[in-house]
Structures are given as C-alpha cells and as structure tokens.
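Let us read a structure together, feature by feature, with the criterion stated before the case.

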Amino acid sequence: MNAPHPPLVLLASLLLGGCAGGGAPTTFWRDDQGRIVVAGPMLGPHDSLTTLAPALCEAIRQRPGATAGNRREGQEYCGLIYQRNHEPAFFASHPASISSPRLLPGGRKSCSLPSVVSDPEAQDVRIHADYHSHPSITTFSNEDLQAARQRYYFRVMFNPICEVYLYDFQERTVYELKDGAFKPSRRITDDRRGE
C-alpha cells in the first residue's frame, strides 16, 4: 500500500482544520423581521464620541475594501454607536457590510444601516448614532444628509484618512473632529435634507 502524497495530506488537514474551527463568529445578520442586527461591542467603553470615533475609524479602515476608493472592490461599512445599562460610556458595534443593490453615480458605495444591537452584556441598549465609512476621501454625501434616512439624532462618518464628521440632525449642522473636539463646519438647508 502506498503512503498518501504529502501535498494531499496537507490539503486535507487544512480543509478539515478550517471546518472544525467553525470559522469567524457572525457579527451581523438579519432577524426574523428582516432588520439588520449587529453584534456589540467591537469597541468601548469610551467616555465620549471624540475618543471613540477616531478609534472606530482606525478599526474599520483595516477591513477589506475600506480604503479602496470607488473602485469595484471598495466597501462601505455601517454600524451603531450606543450606550448600555443606563451608563454614560459609549460603545461601537461591529459593522455590517450589506450594500444597497442600486448603483450610485461615479461608483460610489453605500451600506444598509443596522437597526438593532445584540450585546450580551446589555440589559438595556440606547442607540446614540449610526456610523459609516466612505472608502474614498469625501465628506457626507447628499444621501447621507437626507431627512428620510435619519433614524437617530447623530450620524458619524469617516473616510480612509480618518477625517471624522458628525451630523447633528436636530441642529442641522455638520461638525468635523479637529484637535479632539467636534467643531461646526456647515449648516444643512431644507433642500439638502430633502424637505
């Protein structure tokens, strides 16, 4: 009887080892109501958005396609920033990468916003903001600012060079994170908001 060929043994052990490990844990999914659920926390606790947002950008930009621009392999990621158990600290969920099926002009990317956080340490979750990345060096798009797309009071956006922006829906103001503080950069008019 002949011994198995060494490359075949190696291939078989790699395949079996990959299956036995169960793979990476699922960090986003759709629930039975069709809502996008994200696991949490990926980051936190942080005492403020000004410390969480830059750390979040650095974590997301390591993901596949996050810095690829508007080329085919570019990917936008969306997640939620939340507080739990009535505590003041902020946490960031893992991101989802579920994209809209519609094509956007110029190859721009999009992602579908999650609406639920699954955090095993939380008896109570208060979603403070959504976040998303742009794979190219841009600020908020017109779609990002539309009133019809706002679920939370705040939206945080960052790009591949970790310029971080916050949109305050109630104040209709975009802020940019500079020198450790969010500073107003522009007001959003009703026509930009689609109202």
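What follows is a dialogue on the sheet, the disulfides, the aromatic rings and a buried aspartate.

Q: What should I know about the model and its numbering before reading any feature?
A: This is a predicted model, in which local features need pLDDT of at least 70 and side-chain atom pairs count only at pLDDT 80 or more, while totals for chains, interfaces and linings use all residues. Residues are numbered from 1 along each chain as its sequence is written, and side-chain values use heavy atoms, with hydrogens and water left out.

Q: How many strands does the open sheet have, and in what order do they lie?
A: Helices (H or I, at least four residues) and strands (E, at least two) are DSSP runs numbered from the N terminus, and two strands pair if DSSP finds at least two bridges between them. Here an open sheet of eight strands follows the order E3-E5-E4-E7-E8-E9-E10-E11, and its pairing is mixed. Strand E3 (43-46) and strand E11 (181-187) stand at the edges with a single partner strand each, so one side of each has no neighbour in the sheet. From one strand to the next, the twist averages 25 degrees.

Q: Which way do E8 and E9 run, and how many bridges join them?
A: Strand E8 (residues 154-158) and strand E9 (residues 164-168) run antiparallel and are joined by five bridges; Arg-155 stands opposite Tyr-167 in E9.

Q: Which helix lies across E3, and at what angle?
A: Contact means heavy atoms within 4.5 Å; axes are lines fitted to C-alpha atoms, for helices over the stretch in contact, and angles run from 0 to 180 degrees between N-to-C directions. Helix H2 (residues 49-60) lies across several strands, including E3, to which it runs at about 165 degrees.

Q: How many disulfides does a search of the whole structure find?
A: A disulfide is a pair of cysteine sulfur atoms within 2.5 Å, and the search finds two. In one of them, the sulfur atoms of Cys-57 and Cys-162 are 2.1 Å apart, and the link is left-handed, with -95 degrees about the S-S bond. This pair links distant parts of the chain, 105 residues apart, with Cys-57 in helix H2 and Cys-162 in the loop between E8 and E9. Another disulfide joins Cys-78 to Cys-111, S to S 1.5 Å, and is right-handed because the torsion about its S-S bond is about 70 degrees. With the bonded cysteines numbered in sequence order, the pairing is 1-4, 2-3.

Q: How is a pair of aromatic rings described?
A: The description rests on the distance of the centres and the angle of the planes. Rings of Phe, Tyr and Trp (its six-membered ring) pair if their centres lie within 6.5 Å, and planes under 30 degrees apart count as stacked, over 60 as edge-to-face and the rest as tilted. By this rule there are five aromatic pairs. The rings of Tyr-82 and Phe-91 are stacked, because their centres are 5.8 Å apart and their planes at 25 degrees. Phe-140, Tyr-165, Tyr-167 and Phe-169 form one aromatic cluster.

Q: Is Asp-119 buried or exposed, and what does it touch?
A: Buried means under 20% relative accessible area, exposed over 50%, and partly exposed in between (1.4 Å probe, protein chains only). Asp-119 is buried, because its relative accessible area is 6%. Not counting residues up to four places away in sequence, Asp-119 touches Gly-40, Pro-41, Tyr-82 and Arg-84.
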